[in-house]
Amino acid sequence: MTGFGGQFETEAVAGALPKGRNSPQRPSYGLYAEQLSGSAFTAPRHENRRSWLYRMRPTADHRPFEPFGGARLFSAASGEAPLAPNRLRWDPLNDLPDGTDFVDGMATMLATRDPAELIGVNVHIYRATRSMDRRVFANADGEMLVIPQEGEIELFTEMGRLRVAPGWIALVPRGVRFRVMLGGGVARGYVAENFGSPFRLPELGPIGSNGLANARDFETPVASYEDRDEPFELVQKSLGHLWTTHLDHSPLDVVAWHGNYVPWRYELARFNTIGTVSFDHPDPSIFTVLTSPSETPGRANADFVIFPPRWMVGEDTFRPPWFHRNVMSEAMGLIHGDYDAKAEGFRPGGLSLHNIMSGHGPDVESWRKASGAELKPVKIEGTMAFMVETCWPYRPTSYALEHAQPDYDQAWADFPKAKMP
Ligand SMILES: [Fe+2]
């Protein structure tokens with residue numbers, strides 16, 4: 001079903017979805033009606049997100065949660081130790097545990113706020129070599145924007161199934177239970193875990209009524225359920241920690257649902273990239289796919305921004321991203337190809353961090369090439385980088401600090417000095 005923020009309705013079995021009301025006295029087939037609220041009940045209409053689920057057993061039917069012993073690199077701990085204001089970069093992680101599923105193979109790299117504050121965004125890297133089998137995950141701390149980098153995955157959510165390949169992104173709303181299946185081989189990618197306002201499409205201002213990510217290109221699954229009476233583990237992330245409980249059935253038993261609090265997927269190639277047709281590159285906010293606003297107007301709790309294939313035509317313009325310092329903090333990943341501001345050292349599956357007020361920009365090699373380039377129209381092709389930009393400074397986890405490249409600062413060493421008259 002297509003559209004962003006729409007009101008959807010779907011049933012996997014004819015007659016499962018009540019007509020004209022949400023909570024009939026006796027739903028069809030003995031299903032249980034349950035509302036899942038993604039916004040406060042009284043949120044203004046344009047902010048209000050909720051769905052009604054019709055399921056074989058109520059979600060409330062489970063035993064007490066106990067601490068979960070797996071996923072040792074998956075945490076929300078942002079730490080209190082002083083953090084040097086250094087730029088950091090990571091190669092693709094090669095020591096992530098083998099034989100793990102999406103949950104156990106999750107490594108938290110960058111953390112911002114305590115999830116209990118209902119603001120902030122964390123960045124994780126996942127590496128899975130097997131499907132989640134009789135295990136489902138739910139995140140009470142935030143929604144999860146999944147950004148595959150290698151290997152197609154299938155998200156089997158309470159609301160249906162989404163296949164997500166590299167080049168696509170998918171979102172699982174806060175609280176929605178899901179498991180991740182692999183098509184085979186290894187699946188790797190990134191997760192932006194957003195504790196704040198749900199991601200939405202940015203305002204378009206003078207761009208007008210079309211452009212950037214268009215609402216019609218977001219795809220939400222139709223209802224799909226499994227009827228499995230066998231032991232299932234439910235792992236839940238709550239207030240930064242992982243907890244587990246056991247069920248005697250699959251909780252992916254929603255037969256019908258309706259509402260606007262939904263998972264979706266989106267193909268990044270559909271992004272209508274807009275840039276200069278005269279001179280100077282606009283701020284990178286022009287590449288915003290999704291935004292999670294903070295309470296300060298214009299200051300994002302999290303922006304998801306991409307650097308897709310595009311034409312570069314600016315006249316008398318230094319075309320790659322310019323040198324800058326930013327009050328916002330920038331985490332970047334690379335899905336495939338090369339990023340135009342870094343000639344080397346930033347590899348697909350890697351990560352970089354330019355925290356609050358860090359000076360950064362093109363490396364020497366990229367600067368040299370771009371400064372001397374003939375300014376004919378050039379198409380940047382075969383690349384997809386992204387950024388999770390936030391107003392909250394990132395704190396790398398201790399795992400991340402241990403694995404950072406030792407010499408990233410060298411990217412900006414040996415710039416020739418300007419020659420003054
Ligand atoms: Fe930047």
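**Exercise 1. Work out what L290 touches and which core it belongs to.**

Start with the contacts: leaving aside residues up to four places away in sequence, L290 touches F4, L145, I169, F199, R200, L201, P202, F218, W264, A302, D303 and F304. Keep in mind that we're working with a predicted model here.

Next, place L290 in its core. The largest nonpolar core has 42 residues, and L290 is, along with L145 and F304, one of those that touch the most other members. Then ask where the members of this core come from: at least three are drawn from each of domain 1 (28–62 + 83–87 + 269–412) and domain 2 (103–258).

Finally, look for a second core. There is another one lying apart, with 37 residues, including M106, V164, V191 and W257.

**Exercise 2. Describe how the two domains sit against each other.**

First, take the bounds: the domain assignment gives domain 1 as 28–62 + 83–87 + 269–412 and domain 2 as 103–258. Now go to the C-alpha centres of the two domains, which lie 18 Å apart. Last, count the residues in the contact: domain 1 puts in 51 and domain 2 puts in 53.

**Exercise 3. Find the protein donors of the iron ion and classify the site.**

Step one is the donor list. H324 and H360 each offer NE2, while E330 gives two OE donors, and these atoms lie 1.9 to 2.6 Å from the iron ion. Step two is the chain pattern: the donors follow the spacing H-x5-E-x29-H.

Step three is the geometry. Tetrahedral would need all angles between 85 and 135 degrees. The angles among the 4 donor atoms run from 56 to 148 degrees, and the site is irregular. For the surroundings, note that H324 and E330 are both buried.

**Exercise 4. Take three salt bridges and say which parts of the chain each one links.**

The structure holds 26 salt bridges, so let's just pick a few.

Begin with R55 and E158, whose side chains meet at 2.5 Å, N to O. R55 sits in strand β3 (residues 50–55) and E158 in the loop between β10 (153–157) and β11 (160–164), so this pair ties together parts 103 residues apart in sequence. Both R55 and E158 are buried.

Move on to R127 and D98, a salt bridge of 3.6 Å, N to O. Here strand β7 (residues 121–128) supplies R127 and the loop between β5 (88–90) and β6 (106–111) supplies D98, 29 residues apart. Buried or exposed? R127 counts as buried because its relative accessible area is 13%, while D98, at 59%, is exposed.

Now try E219 and R265, with their closest N and O atoms 2.7 Å apart. E219 is in the loop between β14 (187–194) and β15 (232–238) and R265 is in strand β18 (residues 264–267), so parts 46 residues apart in sequence get tied together. R265 is partly exposed, with a relative accessible area of 22%.

To finish, check for shared partners: salt bridges join R134, R179, E226, R228 and E230 into one network.

**Exercise 5. Map the surroundings of R130.**

Locate R130 first: it's in the loop between β7 and β8 (135–139). Then check accessibility, where 39% makes R130 partly exposed. For contacts, skip residues up to four places away in sequence, and R130 touches G99, T100, D101, F102 and L182. As a last step, compare sequence with space: R130 and G184 are 54 residues apart along the chain, with C-alpha atoms 7.4 Å apart.

Conventions:
Residues numbered from 1 in each chain as written. Predicted model: local features only at pLDDT ≥ 70, side-chain atom pairs only at ≥ 80, totals over all residues. Heavy atoms only, no water. Salt bridge = Lys/Arg side-chain N within 4 Å of Asp/Glu carboxyl O. Helix = DSSP H or I, 4+ residues; strand = E, 2+ residues; numbered from the N terminus. Buried < 20%, exposed > 50% of the residue type's maximum accessible area, 1.4 Å probe, protein only. Core = buried A, V, L, I, M, F, W, Y, C linked by side-chain atoms within 4.5 Å. Domains from an automatic or database assignment. Contact = heavy atoms within 4.5 Å. Donors = N, O, S within 2.8 Å, 3.2 Å for Na, K, Ca; no water. Tetrahedral: all angles 85-135°; square planar, octahedral: opposite > 155°, others 65-115°.
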